[in-house]
Amino acid sequence: LNVCKEVRETEAAYITDMQTVIEVYVRPSIERKILTLDDTQAIFANVEELCRCATVLLELMDRDGDRATVLAHAFIQVTPFFKLYAFYCRNYERALNTLAKCRKQTSGFSEFLNTQAALPQCRGLSLESYLIKPVQRLTKYPLFWKDLLKQLGIAVTKMQDLTLGHLWDANLLENDEIVSQVLTCAQGEMALEEFIKMLRDF
């Protein structure tokens, strides 16, 4: 299915972006002691944990089997770790404010950012452009699930309306046990949508 391929490809691209943040900005700024520890934590939060979470998700996506089934199982296993995004999203505004402050007040930091942004792996993107990516990625997951259901011909307006019958009629999987797991993942996605709404209202 095209949507499964898209999820896999965009997850890989997202991991590359997170690795760029870590290798180009986080580690060099720590090694060169450009920022205080507090400012470093405020700007970069838990990007390394998010990168590890995404890497595990991608590895699970690459397992053998029916693509939709593998994708569902991957999300089932990783869903508990989406709470890492809660911390990152709550910290996001603080990150931008601290970054702006350090640009103005921390000697050599603005020059450091300009130099790093000019590196080939940054593709001309600023640090601010990278810091928004985890927030953008989180909001993509519900869209991917909805696209998958659409391609399978499952017509539900809300994830809450998804039933075992919908999945069974679509011949998505071979047996009740695995179908139930997919439904569990869909319900987890519903919770994720509620979680995103909570963050927007925070």
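This is a short tour of a predicted model, moving from the whole chain to single residues and a pocket.

**Whole chain**

Begin with the protein chain selected in full and coloured by secondary structure. The protein chain has 10 helices and 0 strands, so a viewer set to the DSSP assignment shows helices numbered from the N terminus. In sequence order the pattern reads α-α-α-α-α-α-α-α-α-α. The protein chain holds 202 residues, and 45% of them count as buried. Take the contacts between residues at least 6 apart in sequence: 71% of these join residues at least 24 apart.

**Helix H5**

Next, select residues 83-105, which form helix H5. Its 23 residues reach 33 Å from the first C-alpha to the last, close to the 33 Å expected at 1.5 Å a residue. Where along H5 should you look for a bend? Centre the view on Tyr 92, where H5 bends by about 45°. Tyr 92 is also one of the buried residues of H5.

Now show the side chains of the other buried positions in this helix. In the stretch before the bend residue they include Leu 84, Tyr 85, Ala 86, Tyr 88, Cys 89 and Asn 91. Further along H5, Ala 95, Thr 98, Leu 99 and Cys 102 are buried as well. An α-helix has 3.6 residues a turn, so residues three or four places apart point the same way.

**Cysteines**

Stay with Cys 102 for a moment. Its relative accessibility is 0%, under the 20% limit, and therefore Cys 102 counts as buried. Cys 122 is the next selection; this residue is likewise buried, with a relative accessible area of 0%. How many disulfides does the model have? The count is 0 disulfides.

**Thr 20 and its contacts**

Select residues 2-31 to bring up helix H1, then pick out Thr 20 within it. Is Thr 20 buried or exposed? Thr 20 has a relative accessible area of 5%, which means that it is buried. Leaving aside neighbours within four places in sequence, display what Thr 20 is in contact with: Tyr 25, Gln 121, Cys 122 and Tyr 130. Cys 122, from the previous stop, is thus among the contacts of Thr 20.

**Second largest pocket**

For the last stop, select Thr 10, Ala 13, Tyr 14, Asp 17, Lys 133, Gln 136, Arg 137 and Lys 140, which line the second largest pocket. H1 and helix H8 (133-151) are the elements that give two or more residues to this lining. The space in the second largest pocket is about 160 Å³.

Note on methods:
Residues are numbered from 1 along each chain as its sequence is written. This is a predicted model: local features need pLDDT of at least 70, side-chain atom pairs count only at pLDDT 80 or more; totals for chains, interfaces and linings use all residues. Side-chain values use heavy atoms; hydrogens and water are left out. Helices (H or I, at least four residues) and strands (E, at least two) are DSSP runs, numbered from the N terminus. The expected span of a helix is 1.5 Å times one less than its number of residues. The bend at a residue is the angle between axes fitted to the seven residues ending there and the seven starting there. Buried means under 20% relative accessible area, exposed over 50%, partly exposed in between (1.4 Å probe, protein chains only). A disulfide is a pair of cysteine sulfur atoms within 2.5 Å. Contact means heavy atoms within 4.5 Å. On a 1 Å grid over the protein atoms alone, a cavity is a set of points where a 1.4 Å probe fits but cannot get out, and a pocket is an open set with protein on both sides within 12 Å along at least five of seven lines; lining residues have an atom within 4 Å of a point. Grid points are joined across faces, edges and corners, and a volume is the space filled by probe spheres set on the points.
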